[in-house]
Amino acid sequence: MAKKTIDQIDVAGKTVLMRVDFNVPLDDSQAITDDRRIRMALPSIKSVIDRGGKLILMSHLGRPSGDPSDAEKFSLAPTAKRLGELLGKGVAFATDTVGDDATSKASAMTDGDVLVLENLRFNAGEKKGDEAFAGKLAAFADAYCNDAFGTCHRKDASMYAVPLAMEGKPRVVGHLVAKEIQYLSDAIGNPKRPFVAILGGAKVSDKINVINNLLGICDSVLIGGAMAYTFSLAQGGSIGNSLVEKDKVDLAKELIEKGGDKLVLPVDTHCGDDFGDPAGCNKEVVDAGAIKDGFEGMDIGPVTSAKYAEILKSAKTIVWNGPMGVFEKPPFDAGTKAVAQAVADSDAISIIGGGDSAAAVDQLGFADQVSHVSTGGGASLAMLEGQAFAAVDLLDEA
């Protein structure tokens, strides 16, 4: 899956159209509350402008519905301003994506200039993968670069139809996508063993394909989060008021049977009787499958935490996707903390799948002690499922 990168093509005097992930959180005053995604795109951006190329950046932000208030709420204007501050130079912003403003600003660019286009999703053609819309974007540039791993599993116009329309021109990946593909495809295709996966989160249904695929590849798959209660129910356990998917119990039984010793389930559970008041509610640790009525599981228990830490100690490759409990509500962050600590302490290649796991590792201060924190939750899950990425497959081979 190795692809040619932005550093390997000549960009001097040429215009590069780069798909980035500037889907950053904004507060009510449209100020950016976390600019990590913009900072992470800087190496690819600098690769173009430092070598005398012209760079047009395109991204989505949020999920605009077409309401008139969306124009300000989901505008990429704050990201252009922040990028200019980070680069220490002016960054132009187009108030449309393929309209008059974008066209005139693109044609006025000189070498080393950067232009950010308005939110791709303000155009219905983006989500539909529309060829006409893609053709207008493609016409802006001499080369295409995909540096948006978070949307690599989608076939949106900017991800798939644009590079398709640019056949014959250089079509490459940026630093972020190259790194993601390297870590994730190596982990799945050629893991150092023992290979341990940790899967948490609320729903078995979100992770069925991942569990299925990883049971065929991993030495151990450790389960945490609320999906553990669906497995518990499948084993005939009592789960009190815990979050559960009753329609997935038969599936959980199948996975237990298929997994055998590889599938490792919690042996104890930390429960509370009021999800809304985790600090003040009544709490108890019980054996897995022995949760009383009125109580719900909120985290793996201490015996499970110790058991998982022991398994992780000897691992050589670790993939983690999904927290072990309600990690944002102490004391029910203990299981996630223990697992994060064990991952940080291990000498394994450790890959944290985006979303909540990335946030947990960041929040707990372990981000610099793991090998790789993925920038795309859904995309990393899709890769762990063994899905092919059409948006990446059509790019130039290294």
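**Cavity, rings and backbone**

Student: Which residues line the largest cavity?
Tutor: Asp21, Arg37, Met40, Asp147, Ala148, Phe149, Gly150, Leu176 and Thr375 line the largest cavity (grid points, 1 Å apart, where a 1.4 Å probe fits but cannot get out; lining residues have an atom within 4 Å of a point). This is a predicted model: local features need pLDDT of at least 70, side-chain atom pairs need 80 or more, and totals for chains, interfaces and linings use all residues. Residues are numbered from 1 along each chain as its sequence is written, and side-chain values use heavy atoms, without hydrogens or water.

Student: How much space lies in the largest cavity?
Tutor: About 50 Å³, as the space filled by probe spheres set on points joined across faces, edges and corners. The search of the whole structure finds 1 cavity of 30 Å³ or more.

Student: Phe149 is in that lining. Is Phe149 buried or exposed?
Tutor: Phe149 is buried, because its relative accessibility is 1% (buried is under 20%, exposed over 50%, partly exposed in between; 1.4 Å probe, protein chains only).

Student: How many aromatic pairs does the search find?
Tutor: The whole structure gives 1 (ring centres within 6.5 Å; Phe, Tyr or the six-membered ring of Trp). The rings of Phe149 and Phe389 have centres 6.3 Å apart and planes at 45°, so the pair is tilted (under 30 degrees is stacked, over 60 edge-to-face).

Student: Where do the two partners lie?
Tutor: They are 240 residues apart. Phe149 is in the loop between strand 5 (143-146) and helix 8 (157-165). Phe389 is in the loop between helix 16 (377-384) and helix 17 (390-393). Helices (H or I, at least four residues) and strands (E, at least two) are DSSP runs, numbered from the N terminus. Phe389 also counts as buried, because its relative accessible area is 1%.

Student: New topic. Which charged ends sit over rings?
Tutor: Lys155 sits over Tyr160, 4.4 Å from the ring centre (NZ of Lys or CZ of Arg within 6 Å of the centre and 35 degrees of the normal). Lys292 sits over Phe295, at 5.7 Å.

Student: And the backbone: which peptide bonds are cis?
Tutor: Arg193 to Pro194 is cis, omega near 5°. Pro194 lies in the loop between helix 9 (175-189) and strand 7 (195-199). Pro330 to Pro331 is cis too, omega about 5°. Pro331 is in the loop between strand 15 (317-321) and helix 14 (334-345).

Student: What is the phi of Gln30?
Tutor: Positive, about 65°, although Gln30 is not a glycine. Most residues other than glycine have a negative phi. Gln30 lies in the loop between strand 1 (15-19) and helix 1 (36-40). Gln30 is buried, because its relative accessibility is 17%.

Notes: 1 Å grid on protein atoms, 1.4 Å probe; cavity = no way out; pocket = protein on both sides within 12 Å on 5 of 7 lines; lining within 4 Å.
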